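Reader: Mind walking me through this one? I'd like the layout first and the packing after that.

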Amino acid sequence: MDETIATAAEAYEADAMPRKLDVHTDDCVPRTETLPEAVTQKPVKNKSPAEWAYERLVLYIQNFEKQLDNEHEVAMGLVGGDAGILRIEGLGYFDPDIVTFYGADPSGARTQLIQHVSQLSVILRAVPNATQKEPPRRIGFRLAKELGNA
């Protein structure tokens, strides 16, 4: 028998129906968006913290990329020391509570950030396309597609 005691906030979050709302100063940016069925079909209380964080990160990255031109790709700023930025090339999670970002730093060195969900803080940045010869890679749309197939 599970006798875990949840705080009021944890109980509320576990029973919450996923929804998203953003407000911007620019009226051209939509305030709400319909969430994909892959995110809403499974109750939040049945998702691990890592899975729930992963799903929401996918949506944020995809939405950020929708606002980019063909000259830019998505990257994330890293906090602490001289960590710099990571051009996001992959995203994953390890149940119950780890989220992993895969990519490369500005010099092209392979980079992986492994983060506990309780420490998750992500800054999405638009950076120039790594190779001007090819169209920018849109990881958010690939992630969203895989989310629907999961």
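Author: Sure. Helices here are DSSP runs of H or I with at least four residues, strands are runs of E with at least two, and both are numbered from the N terminus. Keep in mind that this is a predicted model.

Reader: So what pattern does the chain follow along the sequence?
Author: Start with the inventory: 4 helices and 5 strands. Read in sequence order, they come out as α-α-α-β-β-β-β-β-α.

Reader: Which strands sit at the edges of the sheet?
Author: The 5 strands make an open sheet with antiparallel pairing, in the order β4-β3-β2-β1-β5. An edge strand pairs on one side only, and that picks out β4 (110–116) and β5 (123–128).

Reader: And what is the bridge partner of G103 in β4?
Author: Look at β3, residues 98–104, which pairs with β4 in the antiparallel sense over 7 bridges. Strands in a sheet pair through backbone hydrogen bonds, parallel or antiparallel. For G103, the partner in β4 is T111.

Reader: Which strands does helix α3 touch?
Author: Helix α3 covers residues 49–66 and packs on the sheet. Its direction makes about 150 degrees with that of β2 (85–94). The strands touched are β1 (72–77), β2, β3 and β5.

Reader: What share of the chain is buried?
Author: Buried means under 20% relative accessible area. The chain has about 10100 Å² of accessible surface, with 52% of that belonging to carbon and sulfur atoms. Of the 150 residues, the buried share is 31%.

How values were computed: Residues numbered from 1 in each chain as written. Predicted model: local features only at pLDDT ≥ 70, side-chain atom pairs only at ≥ 80, totals over all residues. Heavy atoms only, no water. Buried < 20%, exposed > 50% of the residue type's maximum accessible area, 1.4 Å probe, protein only. Areas by Shrake-Rupley, 256 points an atom, 1.4 Å probe, with all protein chains shown as cover. Pairing = 2+ DSSP bridges. Contact = heavy atoms within 4.5 Å. Axes fitted to C-alpha atoms, helices over the stretch in contact; angles between N-to-C directions.
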